[in-house]
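Thank you all for making time this morning; I would like to walk through one structure with you, slowly, and mostly by way of its side chains. Please have the picture open while I talk.

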Amino acid sequence: MGCSLSKKKKIAIPPPGYEDPDLLASVTPWTIVTAAEVEVLYELFKKLSSSIIEDGLIHKEEFQLALLGNRNRNNLFADRIFDVFDVKRNGVIEFGEFVRSLGVFHPNAPVHEKIKFAFKLYDLRQTGFIEREELKEMVIALLHESELVLSEDMIEVMVDKAFTETDRNNDGKIDVDEWKDLVSMNPSLIKNMTLPYLKDIKATFPSFVLSSEDEELELQNLYF
C-alpha cells in the first residue's frame, strides 16, 4: 500500500517547467483538438526527457538522441532546433517550451509563425538578421543532410544568388521582412516546418494515449 501511494505522489508532483494542458491548448494550435492531445504530448515529453537524465527536462543530448539516434553526433539543424525550442536559453527544454515550439509545426499553425521560426533557425548568432556566412552554413548543412555533394564554387553561387534576390537594401544581411519575401517566392523553404502527423496525435502515438489515461485514473484514485 505504501509503495503504491508513493508512486502516485510522484506522478502528482509536476516536473520543472510543467504547464497545465488546458492552458497550453488555449495558446497553441492544439486548440483545434483538445487538451487531451497535449496530455499525450506530455507522455512523449516524459519519454524523451528521461532517455539519459531523469529530471523532467530535455537536455541537448536527449534531443539529439531522439532526432538522430545518436547523442554524440554533431548536427547543425538539431542544434538550432534545440536552441529555438529552448526559449529561456537555460540549456534545457521544459514541457511548456516543448509544446509551444512543436505547435509551430502543426499543419494548422499560422504560416507567419512558421516563417518566424524558420528565420530564427537561420539566424545562427541570434542577431536579428541572417548574414551571408550564416546562410552558407545552413546551405552546407542542408546539402550534407540530403547527402548531396556540391563544389565550394557552386555553393558560393547559390548563396550569392539568394542574397542578390533578397537583400534589397544591400546591407549584406537579410532582415525579417526580406526573409518573408524570400519565403513567399520559395515556399519550399518552410516545407519542413509542417509535420502532418501532428494533426492526429492520438493516432500517431496510441501507446502514449493509454499511458495518459492510466495516469489520469491513478490521480483520480489519489484525490477521490
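In which helix does E134 lie? E134 lies in helix α8, which covers residues 132-145, where helices (H or I, at least four residues) and strands (E, at least two) are DSSP runs numbered from the N terminus.

Before I go on, a word on where this comes from: the model is predicted, so local features need pLDDT of at least 70 and side-chain atom pairs count only at pLDDT 80 or more, while totals for chains, interfaces and linings use all residues. Residues are numbered from 1 along each chain as its sequence is written, and side-chain values use heavy atoms, with hydrogens and water left out.

Back to E134, which is buried, with a relative accessible area of 0%; buried means under 20% relative accessible area, exposed means over 50%, and partly exposed is in between, with a 1.4 Å probe and protein chains only. The side chain of E134 reaches the backbone nitrogen of E131 at 2.7 Å, and that side chain also reaches the backbone nitrogen of R125, at 2.8 Å. These are polar contacts, meaning pairs of N or O atoms within 3.5 Å; within protein, one atom must be able to donate a hydrogen and the other to accept it, and residues adjacent in sequence count only if both atoms are side-chain atoms.

Let me turn to the aromatic rings. How many aromatic pairs does a search of the whole structure find? The search finds 12, where rings of Phe, Tyr and Trp (its six-membered ring) pair if their centres lie within 6.5 Å, and planes under 30 degrees apart count as stacked, over 60 as edge-to-face and the rest as tilted. One of these is the pair of F45 and F98, which is tilted because the ring centres are 5.5 Å apart and the planes stand at 55°. Since F45 lies in helix α3 (residues 35-49) and F98 in helix α6 (residues 95-103), the pair ties together parts that are 53 residues apart in sequence. F45 is buried, at a relative accessible area of 1%, and F98 counts as buried too, at 4%.

Another aromatic pair, F119 with W179, is edge-to-face, with 6.3 Å from centre to centre and 65° between the planes. Here again distant parts of the chain are linked, with F119 in helix α7 (residues 111-122) and W179 in helix α10 (residues 176-185), 60 residues apart, and both of these residues are buried. If you go back to F45 and F98, you will find that ring pairs link them with Y18, Y42 and F95 into a cluster.

Now for the charged side chains. Side chains of opposite charge can pair when their charged atoms come close. A search of the whole structure finds 15 salt bridges, a salt bridge being a side-chain nitrogen of Lys or Arg within 4 Å of a carboxyl oxygen of Asp or Glu.

In one of them, the side chains of K60 and D79 meet at 4.0 Å, N to O, and this pair links helix α4 (residues 60-68), which holds K60, with helix α5 (residues 76-85), which holds D79, across 19 residues. K60 is partly exposed at 27%, and D79, at 21% relative accessibility, also counts as partly exposed.

In a second salt bridge, D160 pairs with R132, the closest N and O atoms being 2.7 Å apart; D160 lies in helix α9 and R132 in helix α8, so parts that are 28 residues apart in sequence are tied together. D160 is partly exposed, with a relative accessible area of 37%, and R132 counts as partly exposed at 26%. Which residues are linked with R132 and D160 in a network of salt bridges? They are K136, E152 and E156.

A third salt bridge joins D181 and R168 at 2.2 Å, N to O, with D181 in helix α10 and R168 in the loop between α9 and β4 (173-174), 13 residues apart. Is R168 buried or exposed? At 52% relative accessibility, R168 counts as exposed, whereas D181 is partly exposed at 34%.

I will finish at the chain's far-apart positions: T204, found in helix α11 (residues 201-204), and V40 are 164 residues apart along the chain, and their C-alpha atoms are separated by 10.0 Å.
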